[in-house]
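Visitor: I am new to this structure. Please take me through one part of it closely, and then show me how other parts compare.

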Amino acid sequence: MKNDSTTINEFFEEVKATQMIWALHDKDSEGWVIVDSIQFEDTDVILLWSRESIAQKSCTEEWASYTPTQISVAEWLEFWVEDLSQDNIIVGLDWQDDGECPELELGEFSQRIADLEKL
């Protein structure tokens, strides 16, 4: 398994190139995949992926009804940050089958995303 800093750097390099983030969405429930943090007690984590193909691999078992849904960098900054900050959610990057991924505070993640935004 890659270390966290490698995963984080690769995530942001991919997002910089595509200007897209991927999350898993269930159309029936209108829900997004949220998991418990492995680093912080009583903290929820929204899982985000840098590529659709990586997100698609997680659409199994309890997430079989979910589909990878793209979120543009601009959309993230305009709509998502405020909503998630009200819910005290942090961000998990490129989650894989092992159930672990780097977790970043919402502010840190969103600042890095803002730095990548192409105007």
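Guide: Start with Asp87, in the loop between α3 and β6. Keep in mind that this is a predicted model. Asp87 has a relative accessibility of 52%. The cut-off for exposed is over 50%, so Asp87 counts as exposed. Asp87 also belongs to a patch of negative charge on the surface. Its other members are Asp36, Glu41, Asp42, Asp44, Glu82 and Asp83.

Stay in this loop for Asn88. The loop that holds Asn88 runs between α3 (73-86) and β6 (90-93). Asn88 is exposed too, at 60% relative accessibility. Now look at the backbone. Asn88 has a positive phi of about 55 degrees, although Asn88 is not a glycine.

Where else does a positive phi turn up in a residue other than glycine? Turn to Glu61, with a phi near 45 degrees. Glu61 sits in the loop between α2 (52-56) and β5 (67-72). Glu61 is exposed, with a relative accessible area of 70%.

Glu30 is another residue with a positive phi, near 65 degrees. Glu30 belongs to the hairpin of β1 and β2. That hairpin has 4 residues between its strands.

Follow the hairpin into the sheet. The sheet is open and has 3 strands, in the order β2-β1-β5. The pairing is antiparallel. The edge strands are β2 and β5, since each pairs on one side only.

Take the β2 side. Strand β2 covers residues 31-32. Here 2 bridges join β1 to β2. Asp26 stands opposite Gly31 in β2. His25 stands opposite Trp32, also in β2.

Now take the β5 side. Here 6 bridges join β1 to β5, and these two strands run antiparallel. One pair to find is Leu24 with its bridge partner in β5, Pro68.

What about burial in β1 itself? Strand β1 spans residues 20-26. Buried means under 20% relative accessible area. In β1, 6 of the 7 residues are buried, so the strand is largely enclosed by the rest of the structure. Set that beside the loops where we began: Asp87 is exposed, Asn88 is exposed, and Glu61 is exposed.

Terms used. Residues are numbered from 1 along each chain as its sequence is written. This is a predicted model: local features need pLDDT of at least 70, side-chain atom pairs count only at pLDDT 80 or more; totals for chains, interfaces and linings use all residues. Side-chain values use heavy atoms; hydrogens and water are left out. Buried means under 20% relative accessible area, exposed over 50%, partly exposed in between (1.4 Å probe, protein chains only). Two strands pair if DSSP finds at least two bridges between them. Patches are made of residues with over 30% relative accessible area and no salt bridge: like charges are joined within 9 Å, nonpolar side chains (Val, Leu, Ile, Met, Phe, Trp, Tyr) within 5 Å. Accessible areas come from the Shrake-Rupley method with a 1.4 Å probe; for residues, only the protein chains shown count as cover. A salt bridge is a side-chain nitrogen of Lys or Arg within 4 Å of a carboxyl oxygen of Asp or Glu. Lys and Arg count as positive and Asp and Glu as negative; His and the chain ends are not counted. The place of a charge is taken as NZ of Lys, CZ of Arg, CG of Asp or CD of Glu.
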